[in-house]
Amino acid sequence: MNGETAGLRRWFEDYLAAFNRADFPAFGAYYAPDIVFHGQAAQLIGRDAVLAFYHQVHSHLQERIELLSFVGAPDGSRIAAELHTTLLALRDWPDMPTGSMRAGDTRMRVSFAMYEIADGRFTRIRTARFSPLHGQAA
Amino acid sequence: MTPEVRFRDYMQAFNASDWKALRDYYAPDVRLVIGNGTELNGRDAILAFYGKVKRQTRRTIEVVQCFADGQTLAAEIESEFLAVEDVPDFAVRPMAKGDRYYLNSFVFYDFEGEHYTRIRAATFRREFRPAAAS
């Protein structure tokens, strides 16, 4: 990280902090109205669709994301991040898109994510799985 | 030379199968982990791996985007492998002559000076394009 991207990193870390405390208004403010979202579990268009998806996720799971590596474009238009995600199932979710989970199950993965940014909001988010899923049954 | 320009030169050397030039981009103890979980340690292992892939397939890489921050460069690359022979033991899946395999990958390159010290790739999108369908 260099001086030009230190502010971008803080902005991104604030986003992850809001996501981890399930502060929907705070992390939702990072999404452009017409955001394109290619996640591991869903492909969506629009802020409302992304937030609805995360409402569904958070009703079943506790999701925590840790930033492992950060690469910011000096012009602030893009971020590449290595993320460690931990999922804890709060209740049974047999239809979980990336594989069923039972209450108490945990699942972890490392992903690489690309964020495109315009006017201070994410316009596209894409994630690719780096490590195989591993987890622990309740 | 910026890390971005250097990276595009590296990819050009890769597409040209210029092994002598490629060698100079890697630290002697470079570590590479590619999207299918294969881990290679040391530049000799990497060059041997890519040499085999290149004998079996014609691979072209296009840089979609790249940007560096500190000692890491992030890149999105598109690769297409065209099997020039039957390759039952291809790294990703068995290929028949004429088959194509497309990958879109996100890659992190850690570097020190002019050498890549660690490379890690994750596959965002993959598509098998059998010869019979083209």
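# Exercises on a predicted two-chain model

The largest nonpolar core of this predicted model has 49 residues, and those with the most contacts inside it are Ala80(A), Phe112(A), Leu73(B), Ala74(B), Phe106(B) and Tyr109(B). Let's work through some exercises, starting from that core.

## Exercise 1: A core residue and its partners

Find the residues in contact with Ala74(B), leaving aside its neighbours within four places in sequence.

**Solution.**
- Step 1. Recall that Ala74(B) is listed among the residues with the most contacts inside the largest nonpolar core.
- Step 2. Look for partners in chain B: Ala74(B) is in contact with Cys66(B), Phe67(B) and Phe108(B).
- Step 3. Now look in chain A: Ala74(B) is also in contact with Val71(A) and Ala80(A).
- Step 4. Link back to the start: Ala80(A) is itself listed among the core residues with the most contacts.

## Exercise 2: Two residues of chain A

Decide whether Gly72(A) is buried or exposed, and do the same for Ile117(A).

**Solution.**
- Step 1. Place the residues. Gly72(A) lies in strand 3 (residues 61–72) of chain A, while Ile117(A) lies in strand 5 (residues 106–118) of chain A.
- Step 2. Apply the cut-off: a residue is buried if 20 or more other C-beta atoms lie within 10 Å of its own. Gly72(A) has 28 of them, so it is buried. Ile117(A) has 21, so it is buried too.
- Step 3. Check the partners, not counting residues up to four places away in sequence. Gly72(A) touches Thr5(A), Leu8(A), Arg9(A), Ile79(A) and, across in the other chain, Asp69(B). The partners of Ile117(A) include Gly76(A), Ile79(A) and Phe122(A).
- Step 4. Compare sequence with space. Ile117(A) and Gly76(A) are 41 residues apart along the chain, yet their C-alpha atoms are separated by 7.2 Å.

## Exercise 3: A helix with a buried side

Test whether the length of helix 1 of chain B fits its residue count, and find where its buried residues sit.

**Solution.**
- Step 1. Helix 1 covers residues 3–15 of chain B, which makes 13 residues. At 1.5 Å a residue it should span 18 Å, and the end C-alpha atoms are 18 Å apart, so the two agree.
- Step 2. The buried residues of this helix are Phe7(B), Tyr10(B) and Phe14(B). They cover an arc of only 55 degrees around the axis, which puts them on the same side of helix 1.
- Step 3. Ask what they pack against: helix 2 (19–23), strand 3 (57–69), strand 4 (72–83) and strand 5 (100–112) of chain B.
- Step 4. Look just past the helix: Ser17(B) follows, with a positive phi near 55 degrees.

## Exercise 4: Chain B as a whole

Describe the fold of chain B and say how compact the chain is.

**Solution.**
- Step 1. Count the elements: chain B has 3 helices and 6 strands. Along the sequence they follow the pattern α-α-β-β-α-β-β-β-β.
- Step 2. The radius of gyration is 15 Å, close to the 14 Å that the globule rule gives for 134 residues, so chain B is as compact as a globular protein of that length.
- Step 3. Buried residues make up 30% of the chain.

## Exercise 5: Where the chains meet

Work out which strand of chain B gives the most residues to the side that touches chain A.

**Solution.**
- Step 1. The contact takes 13 residues from chain B and 18 residues from chain A.
- Step 2. In chain B, the elements giving two or more residues are strand 3, strand 4, strand 5 and strand 6 (115–129).
- Step 3. Strand 6 gives the most, with 4 residues.
- Step 4. By class, this side of chain B has 6 nonpolar, 4 polar and 3 charged residues.

Key. Residues numbered from 1 in each chain as written. Chains lettered and ligands numbered in written order. Predicted model: local features only at pLDDT ≥ 70, side-chain atom pairs only at ≥ 80, totals over all residues. Expected span 1.5 Å × (residues − 1). Buried ≥ 20, exposed ≤ 12 C-beta atoms within 10 Å, placed from the backbone. Arc of directions from axis to C-beta. Contact = placed C-beta atoms within 7 Å. Nonpolar A, V, L, I, M, F, W, Y, C, P; charged D, E, K, R; others polar. Rg over C-alpha atoms; globule rule 2.2 N^0.38 Å. Core = buried A, V, L, I, M, F, W, Y, C linked by C-beta atoms within 7 Å.
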